[in-house]
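Thank you all for making the time this morning. I would like to walk you through one structure, moving from an overall view to a few local details.

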Amino acid sequence: MQYGAAAAEQAWYMPVVAPSSAVETAAERMERLASESAVVVFSVSTCCMCHAVKRLFCGMGVHPTVHELDLDPRGRELERALACLLGASGASAAGAPVVPIVFIGGRLVGAMDRVMAAHINGSLVPLLKEAGALWL
Amino acid sequence: MGETSSSSHSRQDPCVLGYGFHGAIANSTPANFFDQEGAAYFGELEETFMHQVASLTRTQQAATTSIAHHGDIKPFPTAATVTAATATARPPPTLDIFPAWPMRSLHTPKEGSNVTADSTDDSESSSKNNSNHSSDQHGAAADMQSQFDQVSQQQQLQHKNMATSSTPRTGKTPDRKQTIRRLAQNREAARKSRLRKKAYIQQLESSKLKLAQIEQDMQRARSQGIFLGGAPGANTTSSGAAMFDVEYARWLDDHGRRMAELHGALHAHLPDGDLRAIVDDTLTHHDELFQLKASAAKSDVFHLITGVWTTPAERCFLWMGGFRPSDLVKTLLPQLDPLTEQQLVGICNLQQSSQQAEEALSQGLDQLHQSLADTMAGGSLIDDTNMSFMGQMALALGKLSNLEGFVIQADNLRQQTLHQMHRILTVRQAARCFLAIGEYHNRLRALSSLWVSRPREILGADEGHCGEISIAAQASQSQFSSF
């Protein structure tokens, strides 16, 4: 599991070389981050459900890229962008935590319930294989 | 002379004659009558007497004024049936000698009233003389005596048409006779009221026994995990929990009916279309339960996660507020033979994926436990640090709210597992699958109730025998009728 391009960015940030991070919107950043790896998980370090989803992938032998929003300076905006995304695509209960959110192959899978449903109905593994995150 | 005077006196104050016999006792204070303990002694007798006396005096008046006027009937309940018209035609009726009983029919015949009027006058005059005598000297006791006389007069009026056997010896003085009769009346009345009291107490005791019985049944039913609506008992269940319990009980009833219907449909060899409809309905019914549980999780997650709503045996296998999906699949696999190769692969994959999901959720829950424990133990547990207490509580409350999410995800997992089973299997196989699931849980519930009601007092010999016998006896109960 790699703890994120976001952390890497932060550690090696040099004002001169910051190309698009200044003008990039949160939504764009989210898109970019989601497409960078086969499996991307947006999480919060203290969230136990996020821990569960991480354990699920590890149990399957997948190594997702995790972005901890609470450790990201621009995490708040990202969280809002994710909420918008969830609100648009599916029903999200008011007050329910946004994270964990999983992207596979750059495409949104959803929150924990979607991931579990996908795993049970057998669609998760082919998706992972297709994205190159899993091979037999 | 005495007759006329007393009759005129009675005509003037017919009511007063009845109430406390004030008219008869000229010199004594009327209040004494009620002050004495005798007042309570024949308190209720007095009332009926008053009514009868008044009615009798009225009829007396009627008789003296106009013989033809029979209709002078006062609206007393006891005198409701007085019809002088019938009195003339009928033979002398029997009157209730015990005033404590409700007088069903009071017939005061005209002739009787005429005759009794005379006797009334006689006894009145005599008692009046007596009262004049005694009131000065004996005060209260004498008053009591005169009351007895007064009241016994009324008895005489009633007795006039009774069988002569009831009349005592005529050799004694009228006072003595009346007194004795009066005392007998009172004894009788007292005995009647004692009997009534006994009957009432018996009624109370029997209903108390019934209540104890019902409570015992309820206790037994609750131990079997079936919550009767609206009676949570000693422990304080929240309204959400109580509501869920009621709805779960209803769901169980419904489920039993559907299982019976499915069983019938399967063995009736219905066409696949019809069977599919029933199977789909069953699946929807299971979905309803998950809906119920989701709303219950939001209102009272501890109720679900501790498994108070299930029976003890089910609770033994409880995982995150319900059954463990991978276990269920493992149990069902041998029941679903014959399966095609593809189906077998599908079911094995289902088992594996559900197991992985369960594992993930369990680990997430473990982390929640750990985090919660750290928060609770934060700071010093020994030294008194009230400063951080509320802060820690607030933090812990926030973490605890995550519990709902885990229960909801676990239920989601169960629901998805059932749906996947439904997808993989054919219609008939799915029907058998749901029947098997229902039966399995039925057996767990039956096991719970058997365990709870198993014989415990057998310590000596015949242990095995008695155990078997009791189990055999219980096995024949109706709860096994669906098997």
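I will begin with one chain as a whole, then turn to a set of strands, and end with a contact between helices.

Please keep in mind throughout that this is a predicted model, and that every value I quote is computed from it.

Let me start with chain B, whose secondary structure comes to 19 helices and 0 strands. Of its 483 residues, 41% count as buried, and chain B exposes about 26,400 Å², with carbon and sulfur atoms supplying 58% of that area. If we take the contacts in chain B with a separation of 6 or more, 72% of them are accounted for by residues 24 or more positions apart.

Now to chain A, and to strand S3, which covers residues 101-104. In a regular strand the side chains alternate between the two faces of the sheet. Here both faces are covered, since Ile101(A) and Phe103(A) on one side, and Val102(A) and Ile104(A) on the other, are all buried.

Which strands pair with S3(A)? One is strand S1 of chain A, residues 39-43, which runs antiparallel to S3(A) and is joined to it by 4 bridges; within that pairing, Val40(A) has Phe103(A) as its bridge partner. Another is strand S4 of chain A, residues 107-110, which pairs with S3(A) in the antiparallel sense over 3 bridges, with Ile104(A) standing opposite Arg107(A). S3(A) and S4(A) form a hairpin with 2 residues between them, and in the turn Gly105(A) has a positive phi of about 60°.

Finally, let me come to a place where the two chains meet. Helix H3 of chain A, residues 48-60, and helix H17 of chain B, residues 402-424, have axes that come within 10 Å and cross at roughly 40°, which makes H3(A) oblique to H17(B). The contact is made by Cys48(A), Met49(A) and Ala52(A) from H3(A), together with Gly405(B), Phe406(B) and Gln409(B) from H17(B), and these residues divide into 4 nonpolar, 2 polar and no charged.

Is Leu368(B) buried or exposed? This residue lies in helix H15 of chain B, residues 341-376, and it counts as buried because its relative accessibility is 2%. Leaving aside neighbours within four places in sequence, Leu368(B) is in contact with Cys48(A), Lys399(B), Asn402(B), Leu403(B) and Phe406(B). As for Leu403(B), it is 35 residues from Leu368(B) in sequence, while their C-alpha atoms are 8.0 Å apart in space.

Conventions:
Residues numbered from 1 in each chain as written. Chains lettered and ligands numbered in written order. Predicted model: local features only at pLDDT ≥ 70, side-chain atom pairs only at ≥ 80, totals over all residues. Heavy atoms only, no water. Buried < 20%, exposed > 50% of the residue type's maximum accessible area, 1.4 Å probe, protein only. Contact = heavy atoms within 4.5 Å. Areas by Shrake-Rupley, 256 points an atom, 1.4 Å probe, with all protein chains shown as cover. Pairing = 2+ DSSP bridges. Axes fitted to C-alpha atoms, helices over the stretch in contact; angles between N-to-C directions. Parallel < 35°, antiparallel > 145°, perpendicular 65-115°, else oblique. Nonpolar A, V, L, I, M, F, W, Y, C, P; charged D, E, K, R; others polar.
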